[in-house]
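Me: Please choose one part of this model and take me through it closely, then follow it outwards to whatever surrounds it. I'd like the cut-offs spelled out as you go.

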Amino acid sequence: MPFSRFVLPAVVALALAAPAHAAKELKIGFLSTLSGPAGGIGVEIRDGFNLALKLAGGKLGGMPTEVVVADDTLNPDTGRQLAERMLRRDRVNLMTGVVFSNVMLAVWPTIRDAKVFYVAPNATPTGITGKGCSPYFFSASWPNEAHHEAAGEFANSKGYKNAYLIAPNYPAGKDALTGFKRTYKGTVVAEVYSKLGQLDYSAELAQVRAAHPQTLYAFLPGGMGINFIKQFVAAGLSHEVQLVVPGFVSDQDIVSAVGDPMLGMFDTSQWAYDLDNDANRKFVAEFEKAYNRIPTLYAEQGYTAALIIDQAVRDAKGKVEDEKAFRAALMKAPERAKTPRGKWKEAANGTPIQDYYVRALVKDRDGHIVNKKIAVILHDHRDFWAKDCGMK
Amino acid sequence: MSPTLFLEQSLNGLQFGLMLFLLAAGLTLVFGIMDMINLAHGSLYMIGAYLMASFAQATGSFWLALPLALAATAVIGAVLEVSLLRRLYRRDHLAQVLATFAVILIANELVRIVWGPQPILLNPPEALTGPVQLPGGLHYASFRLLIIGVGAAVALLLYVLVSKTRIGMLVRAGASNREMATAMGVDIRRLFTAVFALGAALCALAGAMLGPILAVQVGMGENILILAFVVIVIGGIGSIRGALVGSLLVGVVDTSGRAFLPLALDVFLPPQVASGAGPALASILIYVVMAVVLYFRPQGLFPARG
């Protein structure tokens, strides 16, 4: 009937056009990779996030908080559909959780167009921090290139003359090797991009052996790293080539799978489990009590993201929909909240300005393999691409 | 390109090819004798790998877990055959594809329910985690050498089984002409169940061997299943010899393509493009090989049916 054909669309249009009002409850969309070989990363971030939520009594910023969790299975299309569902059906007023940069770049237009703030506990691609920067993006982790710039600096400090580079062929992999090459002063022997999710590295390792580099720099997070390091050791290359990695390739998730062959490896990170501040001691103790394992840097990122949200929501008095007020609160939050990293700041393009450490894998008193902080390698380090962002 | 690199990549290709053979052998027998397209073959590979990982964790020993996993998967294969797949022999290929595809989906979900969504750990035996020095100075991963050894041993065993034993004769007769074999008094039903169980055990062996190198995860069977089908099409349906030649061909072409094409492309393309295009071209290469073989020999290289 002609009349009803207009009623339904009209009703829907009115419902969607409902004016924004101060939220009574915080509904956070947690979109992450929770299955498959890289699923462990999302689980770590989620566990860190949930720990902070639990310690805050289930309320972030004093508001009752509900977390809607979804698994993107490392598929950008799935991620985009889930983001749309969270924004339209579940009506979340904040989003967080994405692990991988290719998924992040796929879901970002949806989140930005919905004018919902996104707090990054991991992936912070250069596509969203440089020319494409936006007030709705806030990274609580690191700019994608930072750990790799730190590793390049570390390789310089050890006097490594040449390096063979490997990373997966996706945005964060490209960011990684770009960052390493920016600071590294030696010769780059080769730059190889493996397939994202690849598990058998026999072909790549044979090439490494034939090239005889002094150093191998590999960025291979999650299950890729587990396989790569196991195969690297099995091929006897650990005696021939010095392996340097960012913290993503040598944290507890990979250590618990590979074990003793990793002792003595150096890596770079924005956090170490033995950082000397009260917030960190509390984080590590509570995490070990709740989950019976040592936290990874991913868990710290999830935990810190929740702390930042807590501080910002409190400072903005719950006005999550108010772009100016909430963004101002977010920008100040790292200095006001007591995070396990200590005091740090946020740059205008939505990336942290913080220290990066060199860590080493050693055995602690109980015989567990842990990542001990050795030194600060980059101090108050900024995102290189902040110069392209026009925001203040 | 140095001789060491050539040797290492050749060994890698051999290793991959022999593992494909384990899967292709079972698949070609089932397709050849029962005329059934069994997509669930990849699921048996996955279940074999998961059972191997669980038994290895429970017993603490790789070698103890291996026969347990093979036996358990063979039993599961036999049960699957008797309960479900037996009814599909008379049906057309489309019905078989649909039914076995459903088995894939069900198997994936069952595995996810029992073992969780994340991959589980399967480590090689402690003694084989390091390299072995080969003549020429190459240090090659000892576990991969084991895989090559196991694959070659299975190939030899299957050859002896199929050409020198009575059971093998029955299998060849059934592959050649099922109706005639039944008319000659062969108990086809038991033969089929036995062949299926053997195929399942071979899948489990492949899963147990590849699990430590790849990852024991939900859906691990799908990718390798496609390659196994390419192998049996190239080699000829129903022929074990064809499966061996086909799998070695596919293994070597795939590994060499992945290893050397990016190098060749690197000469005139930027690294990111070369690294993306190389593996893509390498996988196209396999299908090109298949098309060429089919053009000259539509029945495959060693067809079982005359």
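Reply: Two strands pair if DSSP finds at least two bridges between them; helices (H or I, at least four residues) and strands (E, at least two) are DSSP runs numbered from the N terminus. This is a predicted model, in which local features need pLDDT of at least 70 and side-chain atom pairs count only at pLDDT 80 or more, while totals for chains, interfaces and linings use all residues. Residues are numbered from 1 along each chain as its sequence is written, with chains lettered from A and ligands numbered from 1 in the order in which they are written.

Let's look at strand S1 of chain A, residues 26-32. S1(A) belongs to an open sheet of six strands with mixed pairing, whose order is S2-S3-S1-S4-S5-S6. The edges of that sheet are strand S2 (59-60) and strand S6 (137-139) of chain A, each of which pairs on one side only. S1(A), by contrast, has a partner on either side in the order, S3 and S4.

With S3(A), the pairing is parallel and runs over seven bridges. With strand S4 (residues 94-96) of chain A, the sense is again parallel, over three bridges. A:Ile28 is a handy residue to click on: in S3(A) its bridge partner is A:Val67, and in S4(A) its bridge partner is A:Leu94. A:Gly29 is bridged to A:Met95 in S4(A).

How enclosed is S1(A)? Six of its seven residues are buried (20 or more other C-beta atoms, placed from the backbone, within 10 Å of their own), so the rest of the structure largely encloses this strand.

One of the elements around S1(A) is helix H2, which lies across S1, S2 and strand S3 (63-71) of chain A. H2(A) runs at about 160 degrees to S1(A), using axes fitted to C-alpha atoms (for helices, over the stretch in contact) and angles from 0 to 180 degrees between N-to-C directions.

Following H2(A) outwards takes us to the other chain. In all, 27 residues of chain A are in contact with 28 residues of chain B, contact being C-beta atoms, placed from the backbone, within 7 Å. Helix H2 (39-55), strand S8 (187-194), helix H8 (202-211) and helix H9 (223-234) each give at least two residues to chain A's side of this interface.

Across in chain B, helix H1 (residues 3-34) packs on helix H8 (residues 188-210) with axes 8 Å apart and an angle of about 165 degrees. That makes H1(B) roughly antiparallel to H8(B), as angles over 145 degrees count as such. The residues that meet include B:Met19, B:Leu22 and B:Ile33 from H1(B), and B:Phe192, B:Leu202 and B:Met209 from H8(B).

B:Ile147 ties this pair to another helix. B:Ile147 sits in helix H5 (residues 142-164) of chain B and is buried, with 25 other C-beta atoms within 10 Å. Leaving aside residues up to four places away in sequence, B:Ile147 touches B:Gln15, B:Leu18, B:Met19 and B:Met209. Its C-alpha atom is 9.9 Å from that of B:Ala208, although the two residues are 61 apart along the chain.

For a contrast, try B:Ile113 in helix H4 (residues 93-115) of chain B. B:Ile113 has 9 C-beta neighbours inside 10 Å and therefore counts as exposed, the cut-off being 12 or fewer. Between B:Ile113 and B:Ile188 there are 36 Å, C-alpha to C-alpha, for a sequence separation of 75 residues.

Methods:
Contact = placed C-beta atoms within 7 Å. Parallel < 35°, antiparallel > 145°, perpendicular 65-115°, else oblique.
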